[in-house]
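Visitor: I should like a close look at a single part of this model, namely one helix and the sheet beside it. Please describe how that part is built and how it is placed.

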Amino acid sequence: MTRKPVVGVGRYTSPDATVSAIRRGVMDMIGAARPSIADPFLPRKIEEGRLDDIRECIGCNICVSGEVIGAPMRCTQNPTMGEEWRCGWHPESIPARRSKESFLVVGAGPAGLEAARALGQRGARVILAEARDALGGRVADEYRLPGIAAWARVRDWRVGQIDKMRNVEVFKARRMAAADVLGFGAARVVIATGSRWRSDGFGRTNRTAIPGTDRPNVHTPHDIMADVLPADPVVIFDDDHYYMGGVLAEALRVAGRQVTLVTPAALASIWTEATLEQWRIQKRLLELGVDVIASHNLIAVNDGAVELACQFTERRRTLPAAGIVMVTSRLPDDALYEDLVADDRALADAGIADVSRVGDCLAPGTIAAAVHAGHRFARELTLALGDAVPFAVESIVPRILTKRRAPMERRTA
Ligand code: SF4
């Protein structure tokens, strides 16, 4: 059709798929923006045949969301992205630690895996303990939901890297109590035990529990991911507004349930406007036959029904519901952390210098935030913030005033 070079994009992350598209003549050149954000050393790793070391983009578009919401840019897979200049974080290297201190990381979700991996990269002796028999935490559950299978790469890349490290030991199927942690003999303890979804409806819109949510037919996303499916018809109350409400609606509809998604927002999964996915999500839900009731709060769970109230008029309506799924907010799973820090003397006797918590266990958030927190811990070894600005600040002085190049100022803690 043309003799001109054809250049395309499409989140090509696999070298095989990339080469195949070129060899088959589909494209002459492939642009790889997100794959290069997730792994700036992608071309070099291909060149050196280090394909296992490539940190593949998962397609989550958290990078784009920073621009849309006016927040610093982040990448779920590459926690150094955006911190190269202001924190001096190199995507591939971390200064080795001289200290011989050992670390115990409890919890192998996104934060714990990244903390253990990055500490291991620094040469520290690390024990990673996971309560379940599979690594990955929330990612190990969520990647099985519709459309987000690639999110398993958050776990897979980190597990692959840890497998190569002789200084990182992994214990699975071992739920740690405070006494176990004290007996481990590690100098520093990192708690990354994640979070759990609330079932009582507390969240952005409702600052107290919704009446009737203590009924056995009220579920959380954890139930659905554990294959405990609600009775038909199902009402999903989404006051979280990111992807979870939408993907659960799709999963339950595909499982044959009649699904209504109720949200106080004006659109289904409205926060995904920031990741450029909202239109696709709502289109897909409507095409699958999911009813979307927007701008309504869920105010009570009754026998076989839920009561809704319009966000604008407060006009009420009743909706049949045999099963209800609450996607509202999460609570940190921090009982182990609280047990440990409650007894200073026991910590001192055990030789534990420091207990930290990272990721959802400290503040439930995105997977990107959890990975960043785990990485930051390994870099800085403490999350305590002092008064000093802990990153470099760029000062832009207009040339018209200075008549010379604007200086860059680097202020670090
Ligand atoms: S934020 Fe997500 S989509 Fe963007 S580059 Fe990173 S992994 Fe890929």
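Guide: Two strands are taken to pair if DSSP finds at least two bridges between them. The model is predicted, and in it an open sheet of five strands follows the order β8-β15-β9-β10-β11, with parallel pairing. At its edges stand β8 (218–219) and β11 (291–293), each of which pairs on one side only. Within the sheet, five bridges join β9 (residues 234–238) to β15 (residues 323–327) in the parallel sense. One of the residues concerned is I236, whose bridge partner in β15 is V325.

The helix to consider is α10, which lies across β9, β10 (259–262) and β15. Relative to β9, α10 runs at about 170 degrees. The helix comprises twelve residues, 243–254, and its end C-alpha atoms are 17 Å apart; this agrees with the 16 Å that it should span, because each residue is reckoned at 1.5 Å. Nine of the twelve residues of α10 are buried, so the helix is mostly covered, buried here meaning under 20% relative accessible area. The buried residues are Y243, M244, G245, G246, V247, L248, A249, E250 and L252. After α10 comes G256, with a positive phi near 95 degrees.

As to the wider setting, the domain assignment gives domain 3 as 198–329 and domain 2 as 102–194 + 333–380. The centres of these two domains, taken over C-alpha atoms, are separated by 31 Å. Between them, domain 2 and domain 3 bury about 790 Å², 69% of it on carbon and sulfur atoms. R144, L145 and P146 supply 55% of the area that domain 2 buries against domain 3, more than any other three residues.

Notes
Residues are numbered from 1 along each chain as its sequence is written. This is a predicted model: local features need pLDDT of at least 70, side-chain atom pairs count only at pLDDT 80 or more; totals for chains, interfaces and linings use all residues. Side-chain values use heavy atoms; hydrogens and water are left out. Helices (H or I, at least four residues) and strands (E, at least two) are DSSP runs, numbered from the N terminus. The expected span of a helix is 1.5 Å times one less than its number of residues. Buried means under 20% relative accessible area, exposed over 50%, partly exposed in between (1.4 Å probe, protein chains only). Contact means heavy atoms within 4.5 Å. Axes are lines fitted to C-alpha atoms, for helices over the stretch in contact, and angles run from 0 to 180 degrees between N-to-C directions. Domain bounds come from an automatic or database domain assignment. Buried area is the accessible area (1.4 Å probe) that two parts lose on being put together, summed over both.
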